[in-house]
Amino acid sequence: MKFSIHDVQDTDYSQIQKLAMNEFQGDEKFVGDKLMEFCKASSGKVALVNDEYLIGYILIGCINKDKNITIISLCVDKYYRKSGVGLGLINNVLKTCSDKNDKVYLHVRCSNSEALNLYEKCGFVKSERILNYYDDKED
């Protein structure tokens, strides 16, 4: 499948919001006003089909003065999963960070096996399990 990736722009916010509401139902941290705060306080990439329809996004931010980067949110429309969109977004960020020697971190639900597999495919390794990390007390 063919898609393009570009930096998040103000004009992408409404499509990011819509996608997040569809994909992160029940997880208040990643929808609504909180998501818009993440968008405005971080940088990121979006994946588009036909340079128009947003099918995925990744938001990243700097977590400390050592310039370590964290993936705040990665979301791909369920109809476009397993088509290389998530992998493309992550690899785009990893390439940018490796050029600057930045380390990249993320958190993922232990129950999200699809995401865990994707991250491992991208070279991430499990380093720590944080008990009750999410609002619903899942690790």
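The score pLDDT is the predictor's confidence in each residue, from 0 to 100. The structure described here is a predicted model, and the mean pLDDT of the protein is 82. Confidence is lowest in helix α2 (residues 32–41), where the mean is 71, and highest in helix α4 (residues 113–121), where it reaches 91. This briefing covers confidence, salt bridges, cysteines and one pocket.

**Confidence**

- A pLDDT of 70 or more is reached by 87% of the residues of the protein.
- Where pLDDT is low, the predicted coordinates should not be read in detail.

**Salt bridges**

- The structure holds 2 salt bridges.
- One of them joins the side chains of Arg81 and Glu23, with an N to O distance of 2.7 Å.
- Arg81 belongs to the loop between β4 (69–76) and α3 (85–99), whereas Glu23 belongs to helix α1 (residues 13–23), so this salt bridge ties together parts that are 58 residues apart in sequence.
- Arg81 is partly exposed, its relative accessible area being 36%.
- Glu23 has a relative accessibility of 18% and therefore counts as buried, the cut-off for that class being under 20%.
- A salt bridge also links Lys126 and Glu120, whose closest N and O atoms are 3.7 Å apart.
- Lys126 is exposed, at 65% relative accessibility, while Glu120 is partly exposed, at 42%.

**Cysteines and disulfides**

- A search of the whole structure yields 0 disulfides.
- Cys75 is buried, with a relative accessibility of 3%.
- Cys122 is likewise buried, with a relative accessibility of 14%.

**The second largest pocket**

- The second largest pocket encloses about 640 Å³ of space.
- Its lining is made up of 24 residues, and those closest to the centre of the pocket are Leu106, Val125, Lys126, Ser127 and Glu128.
- Two or more lining residues come from each of the elements β5 (104–106) and α4.
- Sorted by class, the lining of this pocket comprises 15 nonpolar, 4 polar and 5 charged residues.
- Lys126, listed among the residues closest to the centre of the pocket, is also the partner of Glu120 in a salt bridge.
- Helix α4, which contributes to the lining of the pocket, is the helix in which confidence is highest, at 91.

How values were computed:
Residues are numbered from 1 along each chain as its sequence is written. This is a predicted model: local features need pLDDT of at least 70, side-chain atom pairs count only at pLDDT 80 or more; totals for chains, interfaces and linings use all residues. Side-chain values use heavy atoms; hydrogens and water are left out. A salt bridge is a side-chain nitrogen of Lys or Arg within 4 Å of a carboxyl oxygen of Asp or Glu. Helices (H or I, at least four residues) and strands (E, at least two) are DSSP runs, numbered from the N terminus. Buried means under 20% relative accessible area, exposed over 50%, partly exposed in between (1.4 Å probe, protein chains only). A disulfide is a pair of cysteine sulfur atoms within 2.5 Å. On a 1 Å grid over the protein atoms alone, a cavity is a set of points where a 1.4 Å probe fits but cannot get out, and a pocket is an open set with protein on both sides within 12 Å along at least five of seven lines; lining residues have an atom within 4 Å of a point. Grid points are joined across faces, edges and corners, and a volume is the space filled by probe spheres set on the points. Ala, Val, Leu, Ile, Met, Phe, Trp, Tyr, Cys and Pro count as nonpolar, Asp, Glu, Lys and Arg as charged, and the others, Gly among them, as polar.
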